[in-house]
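Me: I have a predicted model open and would like a close look at a single part of it, set in the context of its chain. Could you walk me through it?

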Amino acid sequence: MARRTFSIGGVHPADSKISRDCKLEILPTPPVVYIAVSQHIGAPAVPVVAVGDKVKTGQVIAEPGGFMSAYIHSSVSGTVKSIGPRKDLSGNNQVVIEIAVEGDEWVDGIDRSDTLVTEIPQDPKAIIEKIKLGGVVGLGGATFPTHVKLSPPPGKKCEMLIINGCECEPYLTSDFRTLLEKGEQVVVGTAIIKKALGVDKATIAIEDNKPEAIDHISKVVETLKAKSADFAGIEVMSLMKKYPEGGEKQLIDAVMNRQVKSGGLPIDVGAVVDNVCTALAVYEAVQKNKPLIDNSVTVSGECFPHQANLVVRVGTPLKYIIDYLGGVPESAAKVISGGPMMGKAISNLEAASLKGTGGILFLTREQTKRMPESSCIRCGKCAEACPMGLEPFLLNRLAKAGKTDELEANAVQDCIMCGCCLYSCPAGIPLLDIISQARGQVMGIMKARAAAAKAAAEAAKAK
Amino acid sequence: MTTTIIWTIAIISGLGLVLALTLYLVAQRFKVVEDPRIELVEKAMPGANCGGCGFAGCHAFAESAVKAPNLDNHFCPVGGNDTMKQVAAILGYEVKEKAPMVAVVRCNGTCENRPKVNEYDGSLSCRVKATLYSGDTGCSFGCLGCGDCVAACKFGALSMDPKTGLPVVDESKCTACGACAKACPKAIIELRKKGPRGMREYVSCVNKDKGPAAKKACAAACIGCGICVKTCTHGAIVLENNVAYIDPDKCKLCRECEAMCPTGAIHGVNFPKPLDKDAVKARIQERQKKAREAAAAASEAAKAAAGDPVVNKAEVKVIKKEESNG
C-alpha cells in the first residue's frame, strides 16, 4: 500500500532526531519563574494576584481576558515579586508575573500520583469547562485555546478528531517521548476530547520515522478498547515522513483526503486537530485536576553535548534550562526556540519558557550560514515546495513592491510560514522573512476592514 | 512603374487624411472637459509625485485642490509656502503659511553608544527585521539600521552613515514629504519644524524602557529622569512613558535642557556657537538658588501672617480630645 501523505508541496529535510533516546526528565524547579500573561493566541489574560501574594502550584494567577483567551496558573509555589514588562525571547516587552519560588506546595485537589484513570466523564459540557479551567492551549505551536477549539460554532459538525503525533520538525522529540512514555494518558486524553466533541472517530497520526511510537500506541489502543467502549473508534495511522505534515491543513489532507478552503477552518471539512501533548494536557486537566503548568521541551543540536527531553515548569528562564544541561556550547552560533524550520531565533536567553515552548536548539555557524542572495531565476522550486499551493516567488516580488491588494488576491494570508520555500530556494532569497512580513501587513488590513464592516453593519442596524 | 508609385502615394495619403479626419472628429465628439485650472495648478507644483501631500501625485492634488472650498486640507510639503502661494493665486484662495519642516532622526544609537548583542543575518529590510525581533542591540525601540528610510526617500536626502550606522538627513535636500517617517517601522523619524535659521532642539531617543534598562542598552538613551522637565522654564518638555519630548512650538531654544541632560540624549543643531555646558549649568544653579531663597522667604512670610502653626496644631488636638471625651 502506498504511504499516505498530503498532496501538494512539502520538503524532506534530514530529521536529525538525535535526542530520540533521551527519556523525559523532570527539570528541578528554578529559583524564580516569569509567567507571561499572553502565551496563547487571542486576548492576554488578566492577572488576579497582587505583588506580595503567596501562591501555590496550580493556583490561578490570571483569568481569560476575553472569549479567545485562557486561564494561567502558577507553575510553582512562592511569592509574587512583580507584575510588569520584561523582555521576551525576541527582545520585545511582554507583561509577566514574577514569582520567587519557596518550596513546592500544590493546590488541594490535584492528583499527583501516576495511576491511570480510564473512566471518562460523560458530559461534554463538564469536560470542556474542566479543560477551560485547566488553561489548556494547543501545544503544537499555535497555542490556540483548546476549549474554544472544542466548541464548534453552531451548524458545524465534527466528523473526525485527529491527534497530531507527526512531529515533522527536525530535531524535536518531545512529542515522540510523550507518546512512548505517556502513551496511555495520551490515548485516554484522545477519548476525552472525542467525548467532548461527540464524534465517533479519532485518528492518532504518527509519521513512519517513529515506528516504536506507532507500535506502542497501537498496543495501548488495543488494550484500552478491550477495557471500555469509550475507546471505540480510535485508530492509529502511519504517515509518510514529509515536512510540514504536522501542519493542521496538511494533516487533514493526509488523513481524511479533504482540503480546507482558503480562509476556512478545519471544522469546515469536519475535522478537529489536536497535538499529542494537548491530549496529555487534557487528560491531566480532566482526570487529575492538574492545570497546564508544565510541558515537555527538547534541548538538542549536534554541537550540544547533553541533549535531553525535559519536563519544564511554565515560566522557567531559558538560561536556567540550558545551564542545567551544561550551558551554551562554544561552537553554537544560533539558539532557536522550537525546531529549525519554524522556530524563532532567541536573542535574549534571559527570557522565560511559555506553554508553547517545544524545543531549544543549538546550531553552529556552518549550519545556520545563509547562502549569499542572488536574483530569482524563476525555477519554480518554491512554488513546487509550498504545501499551501502559493507562489512564493510572486509574493516576494509583490511584497517588495508593497502591493497589498495583489498580495491578498494571491492569498498571502494562507501562508503557514513553514519555510519550505526558503528551504528550497537555490538563489538564497529570504522568501519566508519577506512573505511573513507581508502576510502580517495584509492580515492587519483584512482585520481592519472586517472591523469597519462590522461597525458599519451595526450602525445601519441602529438606524 | 511611375503610375504604381503615384497610385501608392495617393492611396496612402488619402487613407492618412481620412483617418486623421476621423480621429479629429472622434476627439471633438468625446472630448473630456477638464477645468483648465487643474493644469495650471499642476504646472505650479514641483512635479515630484512623491505623495507627501497625501494624494496619489501632483495631478491628484491639483484636481482635489480645484474642487475644495479652501486650501486648509491641501499643503505641498515639497514646494512649501512659495508653491502654495502660487496655487492660491491661481484658485483665488487665501493660504495660511506653514513653518517649514524637516525630517529628524530620533535615535542616538551609534555603534559606540549602543553595542551589538547579537548578529542579524536575515533580509536587509527594517520592516522584515522588525517583525522578526527587537533588533541586534539591547534597545528594542531604536534604529534597526537597514535603511528602509533611505530607500523611501525620493529626493536623495537620506543616507546611512557607515560610522554610526544611523541615517543622516541632508537638510538642504529634505522636503519633509514624510515618506521616511512612514517607512520606519520603529517610528523614529519625526517631521519637526525647521526652526529659525534651522536651529532646533530635540530629544534624540524614543526608548520607553525604564532608566536602568535604557541606559544598559544605550549610553546616550533618554532615561526618563525628568531633569530636563524641571529645568525648562517654558513648559516645553513633557515626560511620558519614560521618554522626554520637546514641543517645538513652546521651545525657546535656550539649550538649558541640553546642558543638563545626564546622557546627552538632547540634541541642539545648527546653533552658531557650541554649547558651553558649564556656563549654562552655573546660570541655572544661580537661578534655582534665588528661587529657593525667594520661596523660603515667602513661606516665612506666610507663617508670620498665619501665626505660629505649632501652637495651632496643639490647640486642634486639645479640642479633638475634648470632643471625644464628651
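Reply: Happy to; let's take the small sheet around strand β5 of chain A, bearing in mind that this is a predicted model. A good place to begin is A:Pro47, whose bridge partner in β5(A) is A:Ala62. That bridge belongs to the pairing of strand β3 of chain A, residues 46-47, with strand β5 of chain A, residues 60-63; the two strands run in the antiparallel sense and pair over 2 bridges.

Now follow β5(A) to another partner. Strand β6 of chain A, residues 72-73, also pairs with β5(A), again in the antiparallel sense and over 2 bridges. Here A:Val60 has A:His73 as its bridge partner in β6(A). β5(A) therefore pairs with β3(A) and with β6(A), and under the rule that two strands pair if DSSP finds at least two bridges between them, each pairing qualifies.

Next, the chain around these strands. Chain A has 14 helices and 17 strands. Its radius of gyration is 22 Å, close to the 23 Å that the globule rule gives for 463 residues, so chain A is as compact as a globular protein of that length. Along the principal axes, its C-alpha trace spans about 65 × 60 × 50 Å. Of the 463 residues in chain A, 51% are buried. Among contacts in chain A with a separation of 6 or more, 74% join residues 24 or more positions apart.

For the interior, turn to the largest nonpolar core, which has 132 residues; A:Ile35, A:Ile162, A:Ile217, A:Val282 and A:Ile321 have the most contacts inside it. Helix α7 of chain A, residues 276-287, gives the most to this core, with 9 residues. There is also a second, separate core of 66 residues, including B:Val78, B:Ala157, B:Cys218 and B:Ala236. In soluble globular proteins, nonpolar side chains tend to be buried together.

A:Ile217 is worth selecting on screen. Leaving aside residues up to four places away in sequence, A:Ile217 touches A:Leu179, A:Gly183, A:Val187, A:Ile204, A:Ile206 and A:Val236.

One of those leads to helix α4 of chain A, which covers residues 183-197. With 15 residues, α4(A) reaches 21 Å from its first C-alpha to its last, close to the 21 Å expected at 1.5 Å a residue. The helix is mostly covered, with 13 of its 15 residues buried. After α4(A) comes A:Gly198, whose phi is positive, near 70°.

Definitions and conventions
Residues are numbered from 1 along each chain as its sequence is written. Chains are lettered from A and ligands numbered from 1 in the order in which they are written. This is a predicted model: local features need pLDDT of at least 70, side-chain atom pairs count only at pLDDT 80 or more; totals for chains, interfaces and linings use all residues. Helices (H or I, at least four residues) and strands (E, at least two) are DSSP runs, numbered from the N terminus. A nonpolar core is a set of buried Ala, Val, Leu, Ile, Met, Phe, Trp, Tyr and Cys residues joined through C-beta atoms within 7 Å. A residue is buried if 20 or more other C-beta atoms lie within 10 Å of its own, exposed if 12 or fewer, and partly exposed in between; C-beta atoms are placed from the backbone. Two residues are in contact if their C-beta atoms, placed from the backbone, lie within 7 Å. The expected span of a helix is 1.5 Å times one less than its number of residues. The radius of gyration is taken over C-alpha atoms; the globule rule is 2.2 Å times the number of residues to the power 0.38.
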